[in-house]
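Welcome! Let's look at this structure together, asking at each step how a label is earned.

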Amino acid sequence: MKHQELLKQMTLEEKAAFLSGKNVWQTWEFPHLGLPSIFCSDGPHGVRKQAGAGDHLGLNASLPATCFPTAATVANSWDEDLGEAVGSALGEEAASQEVNVLLGPGLNIKRSPLCGRNFEYFSEDPYLSGKMAASYVKGIQRKGIYACPKHFAVNSQELRRMAMNSVLDERTLREIYLTGFEIAVKEGKAKSIMTSYNEINGVYANENKHLLQEILRNEWGFDGIVITDWGASNDHVKGVAAGSNLEMPSPGLDSAREILRAVENGSLTIDELDACVDELLDAVLTLTENAKKKPTGFKESEHHNLARRAAEESAVLLKNDGGILPLAPGSKVAIIGDFAVEPRYQGAGSSMVNPTYLETIEKSVEKYDLDIVGINRGYKRNGEEDAALKKEALDLAAMADIVIYCFGLDELSESEGMDRTHMRIPQNQIELLQAIVQVNSNVVGLLSAGAAIEMPWHYCCKAILHGYLSGQAGASAMLNILTGKVNPSGRLAETYPIKYEDTPAFRNFPSNQRNAEYRESVYVGYRYYDTSKVRVQYPFGYGLSYTTFEYADVHADENGVTFTLSNTGTCDGAEVAQFYVGMENGKIFRPAKELKGFKKVFLKAGESQTVTIPFDDKTFRYWNVKTNRWEVEGGTWQIMIGASVADIRLRTTVEIAGTEAVIPYNKEEMSSYYSGLVQQVEDEEFKKLLGHEIPDGKWGGELGMNDAICQMYYAKNPAARLIYKILTNLKKKSEEKGKPDLNILFIYNMPFRGIAKMTNGMVSMDMVRGMVTAVNGHFFRGMKQIISGFFKNSKENKAYTAKISRK
Ligand code: BGC
């Protein structure tokens, strides 16, 4: 082991305590060993360091930091250099705030548009997700900070996120849900990774040897530390045995005692414990050394400008009928919409940043050559009707030549801890839009939303510029595009289906049972729509520009594909050339197209460039569930270059030699998967895909430690059912107010064990066992366990603290 000397000096108690957090953000320190604590902070698009009371739900204030556009936004840039620049700025801010581990980027796959955290994730496509995540990781780590890609893995639903089991076949796991992480680890060289809350095929991510050892460390060569999501440790001993190094946030010393007991009874070997401690020691020592070179501060204005550039490169122009955009200088414009005054620029939850400065359209527009006839909020963002406000907006719209309508998803729709229940924007915003177009047909829609929405109203807008959640400098970025100072170059990193019912997982998402069944397999996002020929509103990879591009002269050989890209319009601009592969009549079922490369190319008006996209180890591979490894199907492969998945401009083929592996599927038995029509996969076929029986995920019987608090609906004890009712009412009330109450949401979805894991040693697992006993109707037995557990826990905590407080 690398730190043999230190390991020798550490007592067993110190080692055991070291593997879980001291408080919400820090590890234990042991000054007599020269071992300080390290500090973790969210997050993905800005540093959220809490100097005061810590919480992990974005509730208490954090130090000011640049709020960059969220991952869902920057993914639309398809620009790895930009990702690296943002990452590096994040790393610099983290370092200057004495943060050692930055908890991000988040790269879970957008299995459904309804996942509440989609705004924090990159894409529905693993390749794009992975490349963008790797670029952030490189940037962050360049500043001596560890990036922590999250949430590893298959965590695509917020509902009961801490108490659910993702059931999927190995091929889907590898190709869709792990490939992004693989790229972040292998190419980004991530030095830490965060395990997700959920189980994967019945085993919690944090104690999943297949995931953490076989895949992460053995196959991918990961040499960093594994950190649990906050409260994601189920059985700490199993976690350590699987190679999870740090249980967060602060389970108190109960977790440490579990380790001691396990060593004593032989269920955990000293070698296993030491290996875990050694890796964490290495991280703490490296990070402490790196922190000595920390910058004293960062240039707020430079980072603000970078946030603006990121927003500009990421905004997607969805529609521009008659070339209404860019706006001509001096245009007579009315600005309508609450978001113009109070922008929606980030989501809620642990990623919530306290920005150094926040631009608004209302204030920023003064600097542009536009004749502004007025600015009006138009609608209430909580969805309430307001006739007076509406009338004012319509009067204003009638006075202008062009209306810029600022609208989109409200705060309640996009938050950690809850999934959306539909894909619509609030009805009052739509009604106002439909009324505006009656008095002024020149409507430019300026959308803010971190996830895909339905757009049955799109005909009301002549142009739609989608800024996503564009961070603190989003307002000027959007105005720069609207006025033509910047040519839009963002392309959608996710599909916009016409309606929710069209989405591949809509029958299985979110799962209301214990198990989330990934019946749609690899057909996620465009892989489904494109293969099954389902019409969509806007396809993956789509976006307009103020100029035009032409593709020509394609040539492919075994190393890659080359073509010529020309800017044939009248202004400079950037195009995102996308490379997809497919195979007709293959023996292995697969999507019609899969993204395997891309390049964002900036071209001056009239300029041409030869573009080469090399093939890599992922271009032709598929996971074979029989041979249990990556294989290649030999034959004629389609090589497609497009401006979106639905706009292929060049096609050619290459002959690829295969690995001649046994075909793992029987086509006759798996017609849904061979056709891609996966919305209604029956049990028999899903069983074939899984290669075993479908695990029973129905609730029933007594509640257990791992059932969520909201399952107290089934409790035998009437008092527990009453608590459930009270919680449900509180949740409902906060939803009605239009702002999610993250505390309630967290408690609602938290399993019972979380009570011990999140209370800094106040509650032990024994006490929680007592609570569960009481909830199950054995009130007195449960209470006895809780009370005796309380005294035992307090006594043992004191004794343990004394043992690890050597100076
Ligand atoms: C979130 C993580 C976050 C952590 C710490 C958890 O609730 O899932 O993404 O990093 O809290 O705030």
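Q: Which residue of S21 is the bridge partner of Ala577?
A: In this predicted model, Ala577 has Lys599 as its bridge partner in S21.

Q: What makes strand S20 and S21 a pair?
A: Two strands pair if there are at least two bridges between them. Strand S20 (residues 573-582) and S21 have nine bridges, in the antiparallel sense, so they count as a pair.

Q: In what order do the strands of the open sheet with S21, S20, S25 and S26 come?
A: The order is S21-S20-S25-S26, and the pairing is antiparallel. Neighbouring strands of this sheet are turned by 20° against each other on average, with direction ignored.

Q: Why are strand S21 and strand S26 called edge strands?
A: Strand S21 (594-603) and strand S26 (647-656) each pair on one side only.

Now to another sheet.

Q: How many strands does the open sheet with mixed pairing have, and what is their order?
A: That sheet has six strands, in the order S9-S14-S13-S12-S10-S11. From one strand to the next, the twist averages 15°.

Q: Why do strand S9 and strand S11 each have one side without a neighbour in the sheet?
A: Strand S9 (316-320) and strand S11 (371-376) stand at the edges, and each has a single partner strand, so one side of each is left without a neighbour in the sheet.

Q: How do you know that strand S13 and strand S14 pair?
A: Four bridges join strand S13 (residues 443-448) to strand S14 (residues 463-466). Pairing takes at least two, so these strands qualify. The two run parallel, and one of the bridges links Leu447 to His466 in S14.

Q: Which strands does helix H14 touch where it packs on the sheet?
A: Helix H14 (residues 387-399) touches strand S10 (332-336), S11 and strand S12 (402-408). The direction of helix H14 makes about 170° with that of S11.

Q: And which strands does helix H15 touch?
A: Helix H15 (residues 427-439) packs on the sheet against S10, S12 and S13, and its direction makes about 170° with that of S12.

Next comes the ligand.

Q: What makes the approach of Asp42 to the ligand a polar contact?
A: A polar contact is a pair of N or O atoms within 3.5 Å. An N or O atom in the side chain of Asp42 is 2.4 Å from an oxygen atom of the ligand, so the pair meets the cut-off. Lys150 has a polar side-chain atom 3.0 Å from a ligand oxygen atom. For Arg161, the distance from a side-chain N or O atom to an oxygen atom of the ligand is 3.1 Å.

Q: How much of the ligand does the protein bury?
A: Taken alone, the ligand exposes 310 Å², and the protein buries 100% of that.

Q: Which of the 14 residues around the ligand come nearest?
A: Asp42, Arg117, His151, Asp229 and Glu416 do. By class, the shell has five nonpolar, three polar and six charged residues.

Finally, some backbone details.

Q: Where are the cis peptide bonds that join Phe152 to Ala153 and Met248 to Pro249?
A: Ala153 lies in the loop between strand S3 (146-147) and strand S4 (165-167), and omega of its bond with Phe152 is about 10°. Pro249 is in the loop between helix H8 (236-242) and helix H9 (254-265); for the bond with Met248, omega is about 5°.

Q: What is notable about phi of Arg160?
A: Phi of Arg160 is near 45°, a positive value in a residue other than glycine. Arg160 sits in the loop between S3 and S4.

Technical notes: Residues numbered from 1 in each chain as written. Predicted model: local features only at pLDDT ≥ 70, side-chain atom pairs only at ≥ 80, totals over all residues. Heavy atoms only, no water. Near = heavy atom within 4 Å. Polar contact = N/O pair within 3.5 Å; in protein donor to acceptor, adjacent residues only side chain to side chain. Areas by Shrake-Rupley, 256 points an atom, 1.4 Å probe, with all protein chains shown as cover. Nonpolar A, V, L, I, M, F, W, Y, C, P; charged D, E, K, R; others polar. Axes fitted to C-alpha atoms, helices over the stretch in contact; angles between N-to-C directions. Contact = heavy atoms within 4.5 Å.
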